[in-house]
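Colleague: I have a model open and would like to go through it with you. Could you take my questions as they come?

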Amino acid sequence: MMKIKQSTNIVLLLLFLLSLIIYVVIFVSAFAELPMNIPPWHQLLLLTFHFFPMLFLELLLCRNAKLKWRLLIPMLCLLAVGVWFLSFARWELLGWLLFLFWCIAPLLGSLVACGIWAITKKLR
């Protein structure tokens, strides 16, 4: 049983890293050249694809976190990026709206992962 748990953790970690690399490539390619001329399909990927890295990371944390406060680590990472973005951009309302819009996908990924974990735990 321990071997299955470890292999599942490795698969989740690899899926997290792979999806994170894909998202970083999407992100960097969107802002690589100025002026920004991002096609709509690229904008959609930019605003929604980070659902997957957060989903896999949160599933991995749910499986291994003994202390429940550790489940908030991905949210703290989002908060740190947001504070950096808002201090760098120095926009008031528009910056907050962009940040909140950008956070929808990873928050949904975390909520879906917690839901999946709760359902599988209840079924056992």
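Colleague: To start with one residue, is Cys103 buried or exposed?

Modeller: Cys103 is buried, with a relative accessible area of 7%, where buried means under 20% relative accessible area, exposed over 50%, and partly exposed in between, using a 1.4 Å probe and protein chains only. Please keep in mind that this is a predicted model, in which local features need pLDDT of at least 70 and side-chain atom pairs count only at pLDDT 80 or more, while totals for chains, interfaces and linings use all residues. Residues are numbered from 1 along each chain as its sequence is written, and side-chain values use heavy atoms, with hydrogens and water left out.

Colleague: And how many disulfides are there in the whole structure?

Modeller: A search of the whole structure finds zero disulfides, a disulfide being a pair of cysteine sulfur atoms within 2.5 Å. Cys114, for instance, is in no disulfide, and the nearest cysteine sulfur, which belongs to Cys62, is 4.1 Å away. Cys114 is partly exposed, at a relative accessible area of 29%.

Colleague: Let me step back to the fold. How many helices and strands does the chain have?

Modeller: The chain has five helices and zero strands, so its elements run α-α-α-α-α from the N terminus on, with helices (H or I, at least four residues) and strands (E, at least two) taken as DSSP runs and numbered from the N terminus. Along the principal axes, the C-alpha atoms fill a box of roughly 55 × 25 × 20 Å.

Colleague: What share of the 124 residues is buried?

Modeller: Buried residues make up 32% of the 124 residues in the chain. The accessible surface of the chain comes to about 9000 Å², and 79% of that belongs to carbon and sulfur atoms; such areas come from the Shrake-Rupley method with a 1.4 Å probe, and for residues only the protein chains shown count as cover.

Colleague: Which residues form the largest nonpolar core?

Modeller: The largest nonpolar core has eleven residues, namely Tyr23, Ile26, Ala30, Ile38, Leu46, Phe49, Met54, Leu78, Phe99, Trp102 and Cys103. A nonpolar core here is a set of buried Ala, Val, Leu, Ile, Met, Phe, Trp, Tyr and Cys residues joined through side-chain atoms within 4.5 Å. Helix 1 (2-30) and helix 5 (93-123) each supply at least two residues of this core. Apart from it lies another core, of nine residues, among them Leu55, Phe56, Leu59 and Ala105.

Colleague: What is Leu78 in contact with, leaving aside its neighbours within four places in sequence?

Modeller: With those neighbours left aside, Leu78 is in contact with Met54, Phe99, Trp102, Cys103 and Pro106, contact meaning heavy atoms within 4.5 Å. As for the chain, residues 24 or more positions apart account for 63% of the contacts with a separation of 6 or more.

Colleague: What about Ser110 in helix 5, buried or exposed?

Modeller: Ser110 is buried, with a relative accessible area of 6%, and, leaving aside its neighbours within four places in sequence, Ser110 is in contact with Met54, Glu58 and Met75.

Colleague: Where does Gly82 lie?

Modeller: Gly82 lies in helix 4 (residues 73-89) and is buried, with a relative accessible area of 1%. From C-alpha to C-alpha, Gly82 and Cys103 are 8.9 Å apart in space, although 21 residues apart in sequence. Gly82 and Leu100 are 18 residues apart in sequence and 8.8 Å apart in space, again C-alpha to C-alpha; Leu100, which lies in helix 5, is exposed at 52% relative accessible area.

Colleague: Changing topic to the surface, which residues form a nonpolar patch there?

Modeller: The patch is formed by Ile10, Leu13, Leu14, Leu17, Leu20, Val24, Phe27, Val28, Phe31 and Met36, which together have about 870 Å² of accessible area. Phe31 has its place in the loop between helix 1 and helix 2 (40-48) and, at 39% relative accessibility, counts as partly exposed. Patches are made of residues with over 30% relative accessible area and no salt bridge (a side-chain nitrogen of Lys or Arg within 4 Å of a carboxyl oxygen of Asp or Glu), where like charges are joined within 9 Å and nonpolar side chains (Val, Leu, Ile, Met, Phe, Trp, Tyr) within 5 Å.

Colleague: Last one, where does Trp69 lie?

Modeller: Trp69 lies in the loop between helix 3 (51-64) and helix 4, and Trp69 is exposed, with a relative accessible area of 55%. The C-alpha atoms of Trp69 and Phe56 are separated by 18 Å, the two residues being 13 apart along the chain.
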